Amino acid sequence: MKGLSDKRGCRNSVKYNCGEDMNRSIIISATLLLLAAASAWGQRIGYLDTKKVMERYGGMADVRQEVNRAMEAWNREIASRKQAIDSLERELDDQQMVISSERRRLKREEIKRRRQALEAYVKEIYDPGGKAEQKNQELARPMVDKVGAAVKKVALDNNLQMVL
């Protein structure tokens with residue numbers, strides 16, 4: 001029987017299924033097995049589209065507005081600090097020839113110190129765990145708790161073992 005093939009061109013088709021048929025039968029068998037196991041356990045699973053819930057929940061718009069207001073205030077503070085640094089740099093450039101080397105060194109140190117302070121401020125606000133993230137969590141927490149309680153109630157009322 002070696003070298004024999006069926007009309008589809010599968011070699012040794014008597015002994016083995018073709019790759020396509022084999023894959024199909026494995027997938028069907030696995031699906032049936034999973035369905036049988038799930039029904040035997042009697043588990044009910046629910047699905048929650050959190051994106052839709054957050055979009056439709058009225059409180060989320062208020063949370064976004066409040067976070068945006070805080071972000072705008074932080075951005076204004078950052079812009080103000082950058083402007084002050086730029087002003088010091090222009091002042092140093094303008095007075096470069098008329099001030100002493102000691103005064104120049106002090107101005108450069110002041111600029112460097114302010115830049116470092118600005119960088120630290122930006123990190124404090126925008127790094128993971130920073131003020132922006134904390135503000136968002138603080139304002140969203142009540143809404144997340146409400147949604148979580150509603151999901152838990154629906155899951156219990158409908159005997160759902162899992163909500164995805």
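So, is K107 buried or exposed? It's buried, with a relative accessible area of 8%. Since buried means under 20% relative accessible area, K107 falls on that side of the cut-off because its value is 8%.

Before I go on, remember that this is a predicted model. The mean pLDDT for the protein chain comes out at 80, with 76% of the residues at 70 or more. Going by element, helix α1, which is residues 19–41, has the lowest mean pLDDT at 64, and α4 has the highest at 96. Then there's the stretch over residues 1–19, where pLDDT is below 50. That stretch does have 15 contacts in the model beyond near neighbours in sequence. Still, where pLDDT is low, the predicted coordinates shouldn't be read in detail.

Okay, back to our lysine. K107 is in helix α4, residues 101–126, and α4 is the element with that highest mean pLDDT. And what does K107 touch, leaving out residues up to four places away in sequence? E91, L92 and Q95.

Now the other lysine I wanted to show you, K135. You'll find K135 in helix α5, residues 131–157. K135 is partly exposed, because its relative accessible area is 21% and the buried class stops under 20%.

As for its partners, K135 touches E66, V67, A70 and W74, again not counting residues up to four places away in sequence. Have a look at M71 too: M71 and K135 are 64 residues apart along the chain, and their C-alpha atoms are separated by 9.5 Å.

So, to wrap up: K107 is buried, and K135 is partly exposed.

Methods: Residues are numbered from 1 along each chain as its sequence is written. This is a predicted model: local features need pLDDT of at least 70, side-chain atom pairs count only at pLDDT 80 or more; totals for chains, interfaces and linings use all residues. Side-chain values use heavy atoms; hydrogens and water are left out. Helices (H or I, at least four residues) and strands (E, at least two) are DSSP runs, numbered from the N terminus. Buried means under 20% relative accessible area, exposed over 50%, partly exposed in between (1.4 Å probe, protein chains only). Contact means heavy atoms within 4.5 Å. pLDDT is the predictor's confidence in each residue, from 0 to 100.
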